[in-house]
Amino acid sequence: SITQTRDNQPADELRRGSTGGGWRSMWACAGFANLLSSAGLLGTLGAVSTTSGASWLSAQLFYSPEFHGRVAGSDPDGLHD
């Protein structure tokens, strides 16, 4: 499960790494972000590492309320403590 540690304990946060690939990578990451949001897990992202197209998505997702709302259906301010 993505919500458990190696010793089957609940994970405090998720970490996401994505590689480049231009538009394909950006839209694949958008789908992943949407999935996490639908599962109520997007707010548990503790670290994100991206390159190229995945970075296009990450920058918009974390800094544009309009874009974040369209992908995740919520406000990016909800991702911060």
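Buried here means under 20% relative accessible area, exposed means over 50%, and partly exposed is anything in between (1.4 Å probe, protein chains only).

The views show a predicted model: local features need pLDDT of at least 70, side-chain atom pairs count only at pLDDT 80 or more, and totals for chains, interfaces and linings use all residues. Residues are numbered from 1 along each chain as its sequence is written, and side-chain values use heavy atoms, with hydrogens and water left out.

**View 1. The whole chain, before zooming in.**
The protein chain has 3 helices and 2 strands (DSSP runs numbered from the N terminus: helices are H or I with at least four residues, strands are E with at least two). Reading from the N terminus, the order is β-α-β-α-α. Of the 81 residues in the protein chain, 30% are buried. Take the contacts (heavy atoms within 4.5 Å) between residues at least 6 apart in sequence: 60% of them join residues at least 24 apart.

**View 2. The cavity and what lines it.**
Searching the whole structure turns up 1 cavity of 30 Å³ or more. A cavity is a set of points, on a 1 Å grid over the protein atoms alone, where a 1.4 Å probe fits but cannot get out, and its lining residues have an atom within 4 Å of a point. Points are joined across faces, edges and corners, and the volume is the space filled by probe spheres set on them. The largest cavity holds about 110 Å³. It is lined by 14 residues, and Arg16, Cys29, Leu45, Leu57 and Leu61 are the closest to its centre. Four elements each give two or more residues to this lining: β1 (14-18), α1 (22-38), β2 (45-50) and α2 (52-63).

**View 3. Helix α3 and its two sides.**
In α3, which spans residues 65-72, the buried residues are Phe67, His68, Val71 and Ala72. These four share one side of the helix because they cover an arc of only 100° around the axis, taken from the directions that run from the helix axis to the C-beta atoms. Their packing partners are α1 and α2. Look to the other side of α3 for Glu66 and Arg70, both of them exposed. Just past the helix comes Gly73, with a positive phi near 75°.

**View 4. Phe32 on α1, with Ala72 for company.**
Phe32 has its place in helix α1. Its relative accessible area is 29%, so Phe32 is partly exposed. Now find Ala72, one of the buried residues of α3. Phe32 and Ala72 sit 40 residues apart in sequence, yet their C-alpha atoms are 9.8 Å apart in space. This view goes well with the previous one, where the buried residues of α3 pack against α1 and α2.

**View 5. Ser25 and its contacts.**
Ser25 is another residue of helix α1. With 8% relative accessibility, Ser25 counts as buried. Skip the neighbours within four places in sequence, and Ser25 is in contact with Thr19, Gly20, Gly53 and Ala54. For a longer reach along the chain, pick out Ser55: Ser25 and Ser55 are 30 residues apart in sequence, and 9.0 Å separates them from C-alpha to C-alpha.

**View 6. Ser18 in strand β1.**
Ser18 belongs to strand β1. Its relative accessible area comes to 12%, so Ser18 is buried. Apart from residues up to four places away in sequence, Ser18 touches Cys29, Ser49, Thr50, Thr51 and Ala54. Two of these names have come up before: Cys29 is among the residues closest to the centre of the largest cavity, and Ala54 is also a contact of Ser25.

**View 7. Ser52 and a positive phi.**
Ser52 lies in helix α2. Its phi is near 45°, which is positive, and this residue is not a glycine. Ser52 is partly exposed, at 40% relative accessible area. Compare the backbone with Gly73 after α3, where the positive phi is near 75°.

**View 8. Glu13, ahead of the β1 strand.**
Glu13 is found in the segment before β1. It is partly exposed, with 35% relative accessible area. Leaving out neighbours within four places in sequence, Glu13 makes contact with Thr44 and Gly46. Ala47 is worth labelling too: Glu13 and Ala47 are 34 residues apart in sequence and 8.3 Å apart in space, C-alpha to C-alpha.

How values were computed
1 Å grid on protein atoms, 1.4 Å probe; cavity = no way out; pocket = protein on both sides within 12 Å on 5 of 7 lines; lining within 4 Å.
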